[in-house]
Amino acid sequence: MLGKFLLWFSLAIAIPVGTAMWLPQVPAWRTPPAIYSGGTSYPASELDFRFQEIGPPFTGLPLITNVQIVDFDDDGQNEIIACDALGNRILIHKRQSDGSWEESVLIADVSVPAHVTVVDIDDDGDLDVIVAVLGNLMPDDGVIGRVELFENRDEGFVRHVILDDVRRVADVQYGDFNGDGKLDLAVAVFGYARGEVLWLENLGDFEFRSHTLLSAPGAIHVPVGDFDQDGDLDIMAIVTQNEEELWGFENQGDGTFVARRLWMTINLDLGGAGLVAADLDGDGDLDLILPAGDNLEDFDAYPQPYHGCYWFENLGNWRFEMRRISDLGGTYAAAVADFDGDGHQDVVLVSLTNDWLGPDNASVIWLQNDGQQNFTPWQIASHPMHLVTVAAGDIDGDGLPDIVAGSLNVRRPHAQAGRISAWVSGQRGESSVLRGER
Amino acid sequence: MILILRLLIAVVLFETAVAGILLARRALRQEAQVPAVVLHDPLVMPQLKELARAADRGDSDDQTRFGMALLGKGFYGHAEWAFRDALRSNAQNADAQFGLAFSLDRLGRMAESSSEYRKVTQLNPRSENQKLNQVHALHAIGRNALRQENLVGAEESFKVNSGFSPADYLLAQLLLRSDRAEQAAPIIRRKLAELPRSLEFHFLDHRLQLALGRPRAAFEAAAMMERSDYVVSLNFYTEYVMPLERMTGLSTLISPLGEVAGTDDLDRIEELAKQVKAAQGDTPVFMAKIVDDQLLDVAVRGKRPERVLELLAELRVEGRENAGMLEAEGDAWEMLEQPERAAEHWQRALLLTPSVGLHEKLARHFDSHQPDPERRDRHLAQAKLLQGIEDYRGDRLATAIENLEAATRFNPRDPNPWFYLGEIRFHRRQPELALAAYERCLEIRPGHGPAEAKRRHLTEPSGP
């Protein structure tokens, strides 16, 4: 009896003690739930693109805000110009005979350049450089923006600050808006809580008078073109802070403009990231392309279901019809070229904030236009990540459009970082998606 | 004895049943999941793994803590499940409920997110923070409706949250954008009475006046917007995530550094900065840049020019160059008694970011080392102008006028002090004085667009 008593007494003690001890060690039997991903990936491109890093090897986290492909020195071969917000300078890359690219500083000491515009502003036969000075990459409502014009002279560039005392400037474009024979400028003052769209009237001798077209924060790009085909140049603007709106400024021919809000959405989180003018449907008028995916206000931005690319088809008489043509998460920039040589304009998109936990999610895709404006997405690369700017043009002299993109490494994960990357067009063939691996 | 034995057997059977239930529940739990990713910040993943272990063994609060740490680093998909686990353990856990709703919000699953935010509003808040979360949850439901382009739903949510300035703003904005300016007007007027220096509500007032066909009133509203410095935070995300971001990683070390930065305790700043650098290792982390800036600042303030130059050389390896670095280099050369090199670097810094301090340094340089009264006065004028503008924007108008008038004396050919003197008088409703100042500005620079616009406004016949 005593033995039985001791046995049951021991069990009465051992069971709770043992349970308490072993409970934390019990493994989980359930299959872990699938983690949701809003990332986007696409079939590998059937067009062959060869990855190439442009410029010297880098360390750290590059901050490239803008890239352009332009024949700056008029030698018949395109150069690559890049805005480097880490070094606060404008870089130029020239292709060498062995196919490598030599980097040099075109202009030093510009405070967080957001965009560079290359144009012969003084009509003296060489290309001058106009820089949209952001002043701070991070959100800042201070009066820290400028437009700086670098006059190209034999002895070097001469700096003219043609607009200051404004908030962060994101874009400058040019055109003769008042028909006086001198090139004027359209300016997107992004700011933060405050911003505006301006045009700068060229008074000669590098003096400009500013005119306000719109007071609104978040103006990113101001493409210029004759959108209504009446023979003068109009200005478009995409406004993306708090209010997501597309504005058109119809030139009356003399530098007076009629402002028209062409489109808006109440989705305050769309993340409009730029505006590109191009005749995407080949009908002879300029359409607009809106890459959308800017969620940089978040510490860790994430692709959203409305991100991607929107095409605004110009229907004439200031009517534009919007259509979504891509769902690439975190889309930040777009460029247009006929990549497959079928005579139709295709689109290349880059992503700043796709879901980078998914190793196959896209950072570069192109949208193949079948001529009826049905767009098929093809993935070119999944890295480098954090691409914020893209340009299309021939960089290797073979007559085919290539792709150049720049990385802005401000968000996690700080891996697979890039700086200035190129995807050089080759023959149609096997996918080169994996060839870009570093 | 038999009775005791029977009792013992009953206890053992009961214990066995309870243990079985506990073990089964434990075995059927969801294991805390850590993202399979390598981050450059070497502290994050080990800390997350530790929190995951605690969540696995602990209770709803531990699971919530794990979820919050995941949210803080942008692992929204993983955070979702941590919060779901926390809610399985305790359905009344308001922090977990808010965290779940927020995770879904950032994952772009708006409908699910709003449904979870609604549950937040129905829980009993146990702290001020949880009360605030309820207001934010209601606001987030409205924002989600906007993201779904559901105008009616958004409007309803913002109306329910009336009195919360971000909701009032978004409601008035919606009304304006849907051609209901008359309905937006009372909200905007009420908020401007409450927050007279709110730039957002002046912005809406500007849009309102345009919608009502009152261009002069719209112009004046735009002018007020320019003068206003109160910012209504329309998005609570940063406010919510910032403390969560600091739960793990180098941020845990950078936060204490931020607290001492700017104090005179240079040794402490340097010690903390070096701790971060040691933890960081060789991998680049974007937010760790603040540490380099602090080390540089300490070296300058500690008057150690060689150390400044050494640090700058390290930073330039990565291709970094900025106004702070150039100013620090100028300071170092000044300490090394090479004033020309100092001035050269300060001038480069000035091209990037003009500041009162830089202009004052250069004014001193052109006063003593390289005497040039004209250049000295130009820098003094710029220093006074920048100070005057800062005073103007900070609403210290009397001091602003003193500084701006001093700027006009040091450099009579600069139009900008005149423009800002005009601005001050415009806002003080002294139109004649304002007009005179704008005209002086335009005499010097006929292309000064903002001065021209103000002159036009003041001289054209008054209307609505």
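Which residue forms a salt bridge with Asp105(B)? The partner is Arg106(B), and the closest N and O atoms of the pair are 3.2 Å apart. Asp105(B) and Arg106(B) are both buried. The model is predicted. The results below begin with chain B, turn to its charged pairs, and then move to the interface with chain A.

Chain B is a helical chain by assignment. It contains 25 helices and zero strands. Its radius of gyration is 30 Å, whereas a compact globule of 464 residues would have a value near 23 Å. The C-alpha trace of chain B extends over about 110 × 65 × 35 Å along its principal axes. Of the 464 residues in chain B, 53% are buried. Sequence separation of the contacts was also computed. Among chain B contacts between residues at least 6 apart in sequence, 53% connect residues at least 24 apart.

Glu270(B) gives a local view of such packing. This residue belongs to helix α15 (residues 266–280) of chain B. Its relative accessible area is 11%, so Glu270(B) counts as buried, the cut-off being under 20%. Leaving aside residues up to four places away in sequence, Glu270(B) touches Leu295(B), Val298(B), Arg304(B) and Arg307(B). Val298(B) is 28 residues from Glu270(B) in sequence. In space, the C-alpha atoms of Glu270(B) and Val298(B) are 6.7 Å apart.

Salt bridges were counted next. Over all chains, the structure holds 67 of them. Two examples in chain B lie within helices. In the first example, the side chains of Arg65(B) and Asp62(B) meet at 3.1 Å, N to O. These two residues are three apart in helix α3 (residues 60–72) of chain B, and so are separated by about one helical turn. Arg65(B) has a relative accessible area of 40%, which means that this residue is partly exposed.

The other example pairs Lys119(B) with Glu116(B). The closest N and O atoms of this salt bridge are 3.4 Å apart. Lys119(B) and Glu116(B) are separated by about one helical turn because they are three residues apart in helix α6 (residues 110–122) of chain B. The accessibility of each partner was computed. Lys119(B) is partly exposed, at a relative accessible area of 37%. Glu116(B) is buried, at 9%.

How many residues does each chain bring to the contact between chain B and chain A? Chain B contributes 91 residues and chain A contributes 82 residues. The size of an interface is often expressed as the accessible area lost when the parts come together. For chain B and chain A, the buried area is about 7500 Å². Carbon and sulfur atoms give 60% of that area. On the chain B side, Arg177(B), Phe286(B) and Leu352(B) lose the most area to chain A. Together these three residues account for 10% of what that side buries.

Polar and charged pairs also cross the interface. Nine salt bridges are counted between chain B and chain A. One of these pairs is Arg147(B) with Asp269(A), whose closest N and O atoms are 3.3 Å apart. The rule finds 30 residue pairs in polar contact across the interface, with both residues at pLDDT 80 or more. Helix α1 (residues 2–27) of chain B gives the most to the side that touches chain A, with 14 residues. By class, that side of chain B has 46 nonpolar, 20 polar and 25 charged residues. A salt-bridge network includes residues of both chains. Asp141(A), Arg167(A) and Arg194(A) are linked in this network with Glu226(B) and Arg393(B).

In chain A, His160(A) was examined. It lies in strand β9 (residues 156–166) of chain A. Is His160(A) buried or exposed? The relative accessible area of His160(A) is 17%, so this residue is buried. Its side chain makes a polar contact with the side chain of Glu151(A), at 2.8 Å. Glu151(A) is also among the residues that His160(A) touches when those up to four places away in sequence are not counted. The others in that set are Val147(A), Glu148(A), Leu149(A) and Phe206(A).

Key. Residues numbered from 1 in each chain as written. Chains lettered and ligands numbered in written order. Predicted model: local features only at pLDDT ≥ 70, side-chain atom pairs only at ≥ 80, totals over all residues. Heavy atoms only, no water. Contact = heavy atoms within 4.5 Å. Buried area = accessible area lost by both parts, 1.4 Å probe. Salt bridge = Lys/Arg side-chain N within 4 Å of Asp/Glu carboxyl O. Polar contact = N/O pair within 3.5 Å; in protein donor to acceptor, adjacent residues only side chain to side chain. Helix = DSSP H or I, 4+ residues; strand = E, 2+ residues; numbered from the N terminus. Nonpolar A, V, L, I, M, F, W, Y, C, P; charged D, E, K, R; others polar. Buried < 20%, exposed > 50% of the residue type's maximum accessible area, 1.4 Å probe, protein only. Rg over C-alpha atoms; globule rule 2.2 N^0.38 Å.
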